[in-house]
Amino acid sequence: MARQPISITEFFSTELPFVTEFRRLLQKISEIKSEEAIKTILITSAMLSEGKSTITSFLSLVASKQKHMKTLIVDADLRRPTIHKYFALKKERGLVEVLEDGLIVQEAIKHTSVDTLDVLTAGRSTAHPAETFDPDAIERLLNDFKFYYDLILVDCAPVLPVSDPMLIAGKLDAVLLVVKAGQTRKDVARRAVEILDTVDTRLIGTVINNMTNSLPYHYNSGYYGYTYTPDKSEKKAEDRRKKNRAPASSAPPSKKDRHIRNS
Ligand SMILES: Nc1ncnc2c1ncn2[C@@H]1O[C@H](COP(=O)(O)OP(=O)(O)OP(=O)(O)O)[C@@H](O)[C@H]1O
Ligand SMILES: [Mg+2]
(Lines give C-alpha, C1' and ligand atoms only; values in the text may rest on other atoms or scores of the structure.)
(Ligands and ions follow the chains in the order given, each with its own letter.)
Protein backbone atom coordinates (compact mmCIF):
# COMPACT_ATOMS: atom_id res chain seq x y z
CA MET A 1 0.00 0.00 0.00
CA ALA A 2 1.36 3.43 -0.96
CA ARG A 3 2.20 5.62 1.99
CA GLN A 4 0.21 8.83 2.35
CA PRO A 5 2.44 11.90 2.06
CA ILE A 6 2.86 13.71 5.36
CA SER A 7 2.69 17.48 5.54
CA ILE A 8 5.51 19.41 7.17
CA THR A 9 2.80 20.94 9.40
CA GLU A 10 2.42 17.55 11.11
CA PHE A 11 5.92 17.38 12.50
CA PHE A 12 6.72 21.05 12.79
CA SER A 13 6.88 22.30 16.34
CA THR A 14 7.76 25.73 17.62
CA GLU A 15 10.06 23.92 20.08
CA LEU A 16 12.41 22.77 17.32
CA PRO A 17 15.90 24.17 17.95
CA PHE A 18 16.23 26.11 14.71
CA VAL A 19 12.90 27.92 15.15
CA THR A 20 14.67 30.65 17.13
CA GLU A 21 16.70 31.51 14.03
CA PHE A 22 13.58 31.88 11.91
CA ARG A 23 11.95 34.01 14.59
CA ARG A 24 15.04 36.18 14.65
CA LEU A 25 14.91 36.47 10.88
CA LEU A 26 11.29 37.64 11.01
CA GLN A 27 12.19 40.08 13.75
CA LYS A 28 15.03 41.51 11.65
CA ILE A 29 12.73 41.88 8.68
CA SER A 30 10.15 43.70 10.80
CA GLU A 31 12.85 46.09 12.03
CA ILE A 32 13.92 47.11 8.53
CA LYS A 33 13.06 50.72 7.98
CA SER A 34 10.74 51.18 5.05
CA GLU A 35 7.80 53.37 4.11
CA GLU A 36 5.43 50.44 4.19
CA ALA A 37 5.74 47.15 6.05
CA ILE A 38 7.57 44.45 4.10
CA LYS A 39 4.88 41.99 3.09
CA THR A 40 5.99 40.32 -0.13
CA ILE A 41 9.35 38.54 -0.05
CA LEU A 42 11.03 36.69 -2.88
CA ILE A 43 13.14 33.75 -1.75
CA THR A 44 15.85 32.86 -4.23
CA SER A 45 19.41 31.57 -4.38
CA ALA A 46 22.33 31.59 -6.77
CA MET A 47 22.07 27.95 -7.84
CA LEU A 48 19.84 24.90 -7.48
CA SER A 49 19.17 23.01 -4.26
CA GLU A 50 20.43 25.55 -1.77
CA GLY A 51 17.33 25.28 0.39
CA LYS A 52 14.94 27.92 -0.96
CA SER A 53 11.82 25.79 -0.57
CA THR A 54 12.91 24.48 2.83
CA ILE A 55 13.59 27.99 4.16
CA THR A 56 10.32 29.27 2.65
CA SER A 57 8.36 26.48 4.32
CA PHE A 58 9.88 26.84 7.77
CA LEU A 59 9.74 30.62 7.65
CA SER A 60 6.04 30.43 6.79
CA LEU A 61 5.39 28.03 9.66
CA VAL A 62 7.16 30.20 12.22
CA ALA A 63 5.39 33.32 10.91
CA SER A 64 1.96 31.70 10.99
CA LYS A 65 2.17 29.41 14.02
CA GLN A 66 4.33 31.42 16.32
CA LYS A 67 3.95 35.01 15.19
CA HIS A 68 0.29 34.50 14.23
CA MET A 69 0.82 36.27 10.93
CA LYS A 70 -1.64 35.42 8.17
CA THR A 71 0.80 33.92 5.72
CA LEU A 72 0.69 32.77 2.10
CA ILE A 73 3.33 30.82 0.22
CA VAL A 74 3.33 31.23 -3.55
CA ASP A 75 5.24 28.53 -5.39
CA ALA A 76 6.54 30.54 -8.34
CA ASP A 77 9.21 28.00 -9.19
CA LEU A 78 7.44 26.65 -12.25
CA ARG A 79 10.52 24.69 -13.27
CA ARG A 80 11.15 22.68 -10.09
CA PRO A 81 8.08 23.15 -7.91
CA THR A 82 8.23 21.42 -4.53
CA ILE A 83 6.17 23.42 -2.04
CA HIS A 84 3.15 21.14 -2.65
CA LYS A 85 5.31 18.17 -1.56
CA TYR A 86 6.35 19.85 1.69
CA PHE A 87 2.70 20.48 2.54
CA ALA A 88 1.33 17.25 1.02
CA LEU A 89 -0.93 19.18 -1.34
CA LYS A 90 -1.96 18.63 -4.93
CA LYS A 91 0.26 20.57 -7.29
CA GLU A 92 -2.49 21.20 -9.84
CA ARG A 93 -4.95 24.09 -9.83
CA GLY A 94 -2.36 26.58 -8.75
CA LEU A 95 -0.39 29.50 -10.17
CA VAL A 96 -0.19 28.13 -13.73
CA GLU A 97 -3.97 27.67 -13.92
CA VAL A 98 -4.47 31.19 -12.54
CA LEU A 99 -2.08 32.67 -15.10
CA GLU A 100 -3.04 30.56 -18.10
CA ASP A 101 -6.72 29.69 -17.61
CA GLY A 102 -7.89 32.61 -15.53
CA LEU A 103 -8.78 30.34 -12.57
CA ILE A 104 -9.91 32.60 -9.74
CA VAL A 105 -7.40 32.72 -6.90
CA GLN A 106 -9.95 31.85 -4.24
CA GLU A 107 -10.32 28.48 -5.97
CA ALA A 108 -6.60 28.02 -6.38
CA ILE A 109 -5.44 28.86 -2.87
CA LYS A 110 -5.17 25.80 -0.64
CA HIS A 111 -5.56 25.84 3.10
CA THR A 112 -3.24 23.96 5.41
CA SER A 113 -3.90 22.51 8.85
CA VAL A 114 -2.51 25.77 10.24
CA ASP A 115 -5.39 28.27 10.24
CA THR A 116 -3.19 31.19 9.32
CA LEU A 117 -1.19 29.50 6.57
CA ASP A 118 -2.31 29.12 2.94
CA VAL A 119 -0.46 27.92 -0.14
CA LEU A 120 -0.74 28.74 -3.82
CA THR A 121 0.93 25.72 -5.39
CA ALA A 122 2.72 25.96 -8.74
CA GLY A 123 -0.07 24.30 -10.69
CA ARG A 124 0.13 21.92 -13.62
CA SER A 125 3.43 21.41 -15.38
CA THR A 126 3.96 23.75 -18.25
CA ALA A 127 6.13 23.14 -21.28
CA HIS A 128 6.92 26.85 -21.55
CA PRO A 129 7.49 28.22 -18.06
CA ALA A 130 9.15 31.37 -19.45
CA GLU A 131 5.95 32.24 -21.34
CA THR A 132 3.61 31.35 -18.47
CA PHE A 133 5.69 33.31 -16.01
CA ASP A 134 4.06 36.70 -16.55
CA PRO A 135 5.70 39.20 -14.18
CA ASP A 136 2.97 41.84 -14.48
CA ALA A 137 0.20 39.33 -13.78
CA ILE A 138 2.17 38.00 -10.80
CA GLU A 139 2.62 41.55 -9.53
CA ARG A 140 -1.14 42.17 -9.74
CA LEU A 141 -1.82 38.95 -7.84
CA LEU A 142 0.67 39.83 -5.13
CA ASN A 143 -0.85 43.28 -4.70
CA ASP A 144 -4.25 41.67 -4.20
CA PHE A 145 -2.82 39.17 -1.72
CA LYS A 146 -1.38 42.02 0.35
CA PHE A 147 -4.91 42.93 1.27
CA TYR A 148 -5.58 39.54 2.86
CA TYR A 149 -2.19 38.42 4.18
CA ASP A 150 0.43 39.84 6.54
CA LEU A 151 3.23 37.97 4.81
CA ILE A 152 3.55 36.52 1.30
CA LEU A 153 6.59 34.35 0.64
CA VAL A 154 7.36 33.66 -3.01
CA ASP A 155 9.53 30.62 -3.66
CA CYS A 156 11.26 31.09 -7.00
CA ALA A 157 13.89 29.57 -9.29
CA PRO A 158 17.57 30.41 -8.71
CA VAL A 159 19.13 33.57 -10.14
CA LEU A 160 22.08 32.25 -12.15
CA PRO A 161 20.56 29.57 -14.39
CA VAL A 162 17.27 31.34 -15.29
CA SER A 163 15.87 34.86 -15.44
CA ASP A 164 12.51 34.18 -13.68
CA PRO A 165 13.50 35.65 -10.31
CA MET A 166 14.95 38.75 -11.96
CA LEU A 167 11.69 39.35 -13.81
CA ILE A 168 9.72 39.67 -10.58
CA ALA A 169 12.35 40.62 -7.99
CA GLY A 170 11.70 44.35 -8.42
CA LYS A 171 7.97 43.83 -7.98
CA LEU A 172 8.22 42.48 -4.44
CA ASP A 173 8.92 44.42 -1.28
CA ALA A 174 12.10 42.48 -0.56
CA VAL A 175 14.40 39.67 -1.68
CA LEU A 176 16.13 37.09 0.51
CA LEU A 177 19.06 35.18 -0.94
CA VAL A 178 19.58 31.67 0.40
CA VAL A 179 23.17 30.49 0.54
CA LYS A 180 24.01 26.93 1.52
CA ALA A 181 26.97 26.74 3.87
CA GLY A 182 29.56 24.28 2.63
CA GLN A 183 28.08 24.28 -0.86
CA THR A 184 27.62 27.75 -2.39
CA ARG A 185 30.91 29.11 -3.66
CA LYS A 186 31.74 32.65 -2.61
CA ASP A 187 32.14 33.91 -6.19
CA VAL A 188 28.84 32.31 -7.18
CA ALA A 189 26.98 33.97 -4.29
CA ARG A 190 28.68 37.27 -5.12
CA ARG A 191 27.60 36.97 -8.75
CA ALA A 192 23.99 36.38 -7.65
CA VAL A 193 24.11 39.56 -5.56
CA GLU A 194 25.58 41.48 -8.53
CA ILE A 195 22.79 40.23 -10.78
CA LEU A 196 20.11 41.13 -8.23
CA ASP A 197 21.67 44.57 -7.86
CA THR A 198 21.25 45.26 -11.59
CA VAL A 199 17.51 45.67 -11.15
CA ASP A 200 15.54 47.73 -8.71
CA THR A 201 15.34 45.08 -6.01
CA ARG A 202 15.55 45.35 -2.29
CA LEU A 203 17.93 42.61 -1.28
CA ILE A 204 17.44 42.67 2.47
CA GLY A 205 19.70 39.83 3.42
CA THR A 206 21.31 36.48 2.98
CA VAL A 207 19.97 33.45 4.79
CA ILE A 208 22.75 30.99 5.48
CA ASN A 209 21.26 27.53 5.32
CA ASN A 210 22.81 24.38 6.76
CA MET A 211 25.12 26.28 9.08
CA THR A 212 25.05 23.76 11.87
CA ASN A 213 26.30 20.98 9.65
CA SER A 214 28.95 22.97 7.85
CA LEU A 215 30.29 25.82 9.93
CA PRO A 216 32.23 25.78 13.20
CA TYR A 217 30.17 25.48 16.39
CA HIS A 218 30.46 29.16 17.30
CA TYR A 219 28.33 30.11 14.25
CA ASN A 220 25.48 28.17 15.77
CA SER A 221 23.54 30.45 18.09
CA GLY A 222 22.00 27.34 19.69
CA TYR A 223 25.41 26.77 21.23
CA TYR A 224 24.88 29.88 23.36
CA GLY A 225 21.30 29.06 24.22
CA TYR A 226 20.10 28.71 27.79
CA THR A 227 19.44 25.01 27.37
CA TYR A 228 23.20 24.60 27.46
CA THR A 229 24.56 24.22 30.98
CA PRO A 230 28.33 23.81 30.81
CA ASP A 231 30.40 22.61 33.73
CA LYS A 232 32.84 25.10 35.28
CA SER A 233 35.85 24.38 33.07
CA GLU A 234 33.69 24.53 29.94
CA LYS A 235 32.11 27.72 31.21
CA LYS A 236 35.56 29.37 31.61
CA ALA A 237 36.58 28.29 28.12
CA GLU A 238 33.28 29.58 26.76
CA ASP A 239 33.74 32.94 28.51
CA ARG A 240 37.22 33.21 26.98
CA ARG A 241 35.81 32.44 23.55
CA LYS A 242 33.00 34.95 23.96
CA LYS A 243 35.48 37.63 25.06
CA ASN A 244 37.46 37.18 21.87
CA ARG A 245 34.38 37.34 19.73
CA ALA A 246 32.34 40.35 18.63
CA PRO A 247 28.80 40.14 20.01
CA ALA A 248 26.12 38.95 17.62
CA SER A 249 24.35 41.89 16.12
CA SER A 250 20.62 42.22 16.48
CA ALA A 251 20.50 45.36 14.35
CA PRO A 252 18.62 45.19 11.08
CA PRO A 253 20.94 44.34 8.20
CA SER A 254 22.44 47.26 6.34
CA LYS A 255 23.52 47.12 2.70
CA LYS A 256 27.03 46.33 3.97
CA ASP A 257 26.02 43.67 6.47
CA ARG A 258 23.27 41.70 4.91
CA HIS A 259 23.78 38.33 6.48
CA ILE A 260 20.95 36.74 8.39
CA ARG A 261 21.86 33.42 9.85
CA ASN A 262 19.87 30.29 9.77
CA SER A 263 20.44 26.69 10.62
N1 LIG B 1 19.52 22.69 6.37
C2 LIG B 1 19.28 21.55 5.73
N3 LIG B 1 19.61 20.38 6.29
C4 LIG B 1 19.38 19.20 5.66
N5 LIG B 1 18.81 19.10 4.44
C6 LIG B 1 18.47 20.24 3.82
C7 LIG B 1 18.66 21.52 4.43
N8 LIG B 1 18.21 22.45 3.57
C9 LIG B 1 17.74 21.80 2.50
N10 LIG B 1 17.90 20.48 2.64
C11 LIG B 1 17.53 19.43 1.66
O12 LIG B 1 18.18 19.75 0.44
C13 LIG B 1 17.32 19.47 -0.65
C14 LIG B 1 17.10 20.75 -1.45
O15 LIG B 1 16.39 21.65 -0.62
P16 LIG B 1 15.27 22.59 -1.23
O17 LIG B 1 14.33 21.84 -2.07
O18 LIG B 1 14.73 23.39 -0.10
O19 LIG B 1 16.23 23.49 -2.15
P20 LIG B 1 15.81 24.47 -3.30
O21 LIG B 1 16.83 25.55 -3.33
O22 LIG B 1 14.39 24.86 -3.16
O23 LIG B 1 16.00 23.52 -4.57
P24 LIG B 1 15.52 23.80 -6.07
O25 LIG B 1 16.59 24.65 -6.68
O26 LIG B 1 15.42 22.43 -6.66
O27 LIG B 1 14.20 24.50 -5.99
C28 LIG B 1 16.01 18.92 -0.07
O29 LIG B 1 16.08 17.51 -0.09
C30 LIG B 1 16.03 19.42 1.35
O31 LIG B 1 15.32 18.58 2.22
MG1 LIG C 1 12.80 24.70 -4.51
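Which residues does Ile83 touch, not counting residues up to four places away in sequence? I will come to that after a word on the whole chain.

What you have in front of you is a predicted model. The protein chain contains twelve helices and eight strands. It has 263 residues, and 36% of them count as buried. If we take contacts between residues at least 6 apart in sequence, 81% join residues at least 24 apart.

Now to the question. Ile83 touches Ser53, Thr56, Ser57, Ile73, Asp75, Val119, Thr121 and Asp155, leaving out residues up to four places away in sequence. Ile83 sits in helix α4, which covers residues 83-86. Is Ile83 buried or exposed? There are 26 other C-beta atoms within 10 Å of it, and the cut-off for buried is 20 or more, so Ile83 is buried. One of its partners is Ile73. These two are ten residues apart along the chain, and 8.2 Å separates their C-alpha atoms.

Next, helix α3, residues 52-66. How many of its 15 residues are buried? The count is 13, so α3 is largely enclosed by the rest of the structure. Its length can be checked as well. At 1.5 Å a residue, the 15 residues should span 21 Å, and the end C-alpha atoms are 21 Å apart, which agrees. Just after α3, His68 takes a positive phi of about 55°.

Then the nonpolar core. The largest one has 57 residues, and those with the most contacts inside it are Ile152 and Val154. Helix α3 gives the most to this core, with six residues. Which residues does Val154 touch? Again not counting residues up to four places away in sequence, they are Thr40, Ile41, Leu42, Ile43, Val74, Ala76 and Leu172.

Last, the ligand. Ligand 1 is surrounded by 14 residues, and the closest are Leu48, Gly51, Lys52, Ser53 and Thr54. Which element supplies the largest share of that shell? Helix α3 does, with three residues. By class, the shell has eight polar, four charged and two nonpolar residues.

To put α3 together: this helix gives the most residues to the largest nonpolar core and the largest share of the shell around ligand 1. Ser53 also links two parts of this talk, being among the closest residues to ligand 1 and among those that Ile83 touches.

Key. Residues are numbered from 1 along each chain as its sequence is written. Chains are lettered from A and ligands numbered from 1 in the order in which they are written. This is a predicted model: local features need pLDDT of at least 70, side-chain atom pairs count only at pLDDT 80 or more; totals for chains, interfaces and linings use all residues. A residue is near a molecule or strand if its C-beta atom, placed from the backbone, lies within 6 Å of it. Helices (H or I, at least four residues) and strands (E, at least two) are DSSP runs, numbered from the N terminus. Ala, Val, Leu, Ile, Met, Phe, Trp, Tyr, Cys and Pro count as nonpolar, Asp, Glu, Lys and Arg as charged, and the others, Gly among them, as polar. A residue is buried if 20 or more other C-beta atoms lie within 10 Å of its own, exposed if 12 or fewer, and partly exposed in between; C-beta atoms are placed from the backbone. Two residues are in contact if their C-beta atoms, placed from the backbone, lie within 7 Å. A nonpolar core is a set of buried Ala, Val, Leu, Ile, Met, Phe, Trp, Tyr and Cys residues joined through C-beta atoms within 7 Å. The expected span of a helix is 1.5 Å times one less than its number of residues.
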